[in-house]
Amino acid sequence: RFSCRRSGGGLVQAGGSVRLSCAASGRIFSSHVMGWFRQAPGKEREFVAATRWKGAGTKYADSVEGRFSVSKNSAENTVYLQMNSVKPEDTAVYYCAASSHFTMDSTEYFNWGQGTLVTVSS
């Protein structure tokens, strides 16, 4: 399970930045990949990014590539999602999750963290 939180306060203005973090305190040993997903109002859950704990290989959705970045602190079992140049279309509840393998399919992830609402004003 993950404890997730957002740095900074509340509403984010378009063009601004926000950073999300998820810290794993439980069974991370079987997880090889950490993923970020989001769900906008009335939309299906959408893949945002995924990264391997070991080695290179971070995948970003086309909609966020060049604006979002994932970083890790393995010693703290923490993964970060840095969101820059945010757009109103980025408004969603963001989730972190773990998977046993690299995939963009949300159904193959487990240990979903608490959703964190990011609202981008236009």
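T51 is found in strand β5, which spans residues 46–52. The model described here is predicted. With a relative accessibility of 2%, T51 falls under the 20% limit and therefore counts as buried. The side chain of T51 makes a polar contact with that of K72, at 3.5 Å. Leaving out residues up to four places away in sequence, T51 touches H32, V33, M34, G57, T58, V70, K72 and F102.

**Strand β3 and its partner**

Strand β3 covers residues 18–24, and five of its seven residues are buried, so the strand is largely enclosed by the rest of the structure. Strand β8, residues 78–83, runs antiparallel to β3, and six bridges join the two. Within this pairing, L20 has L81 in β8 as its bridge partner. In a regular strand, side chains point alternately to one face of the sheet and the other.

**The disulfide**

The model has one disulfide. This bond joins C22 to C96, with an S to S distance of 2.0 Å. The angle about the S-S bond is -100°, and the link of C22 and C96 is left-handed. C22 lies in strand β3 and C96 in strand β9 (residues 92–99), so the pair ties together parts that are 74 residues apart in sequence. Both C22 and C96 are buried.

**The nonpolar core**

The largest nonpolar core has 30 residues. Those with the most contacts inside this core are W36, V48, F68, L81, M83 and Y94. Two or more core residues come from each of β3, β4 (33–39), β5, β7 (68–73), β8 and β9. The largest share, five residues, is given by β9. L81, listed among the residues with the most core contacts, is also the bridge partner of L20. M83 is in contact with G16, S17, V18, L20, R67, F68, Y94 and V118, its neighbours within four places in sequence being left aside.

**Salt bridges**

Side chains of opposite charge can pair when their charged atoms come close. The count in this model is three salt bridges, given in the table with the closest N and O atoms.

| Basic residue | Acidic residue | N to O distance |
|---|---|---|
| R38 | E46 | 3.0 Å |
| R38 | D90 | 2.9 Å |
| R67 | D90 | 2.7 Å |

R38 is in strand β4 and D90 in the loop between β8 and β9, so the R38 and D90 pair links distant parts of the chain, 52 residues apart. R67 lies in the loop between β6 (58–60) and β7, so its bridge to D90 ties together parts that are 23 residues apart in sequence. Through shared partners, the salt bridges join R38, E46, R67 and D90 into one network.

How buried or exposed are the members of this network? R38 has a relative accessible area of 5% and is buried. D90, at 2% relative accessibility, also counts as buried. R67 is buried as well, at 11%. E46 has a relative accessible area of 33% and is partly exposed, because this value lies between the 20% and 50% limits. The network therefore includes the buried residues R38, D90 and R67 along with the partly exposed E46. R67 also appears among the contacts of M83, a residue of the nonpolar core.

Notes: Residues are numbered from 1 along each chain as its sequence is written. This is a predicted model: local features need pLDDT of at least 70, side-chain atom pairs count only at pLDDT 80 or more; totals for chains, interfaces and linings use all residues. Side-chain values use heavy atoms; hydrogens and water are left out. Buried means under 20% relative accessible area, exposed over 50%, partly exposed in between (1.4 Å probe, protein chains only). Helices (H or I, at least four residues) and strands (E, at least two) are DSSP runs, numbered from the N terminus. Two strands pair if DSSP finds at least two bridges between them. A polar contact is a pair of N or O atoms within 3.5 Å; within protein, one must be able to donate a hydrogen and the other to accept it, and residues adjacent in sequence count only if both atoms are side-chain atoms. Contact means heavy atoms within 4.5 Å. A disulfide is a pair of cysteine sulfur atoms within 2.5 Å. A nonpolar core is a set of buried Ala, Val, Leu, Ile, Met, Phe, Trp, Tyr and Cys residues joined through side-chain atoms within 4.5 Å. A salt bridge is a side-chain nitrogen of Lys or Arg within 4 Å of a carboxyl oxygen of Asp or Glu.
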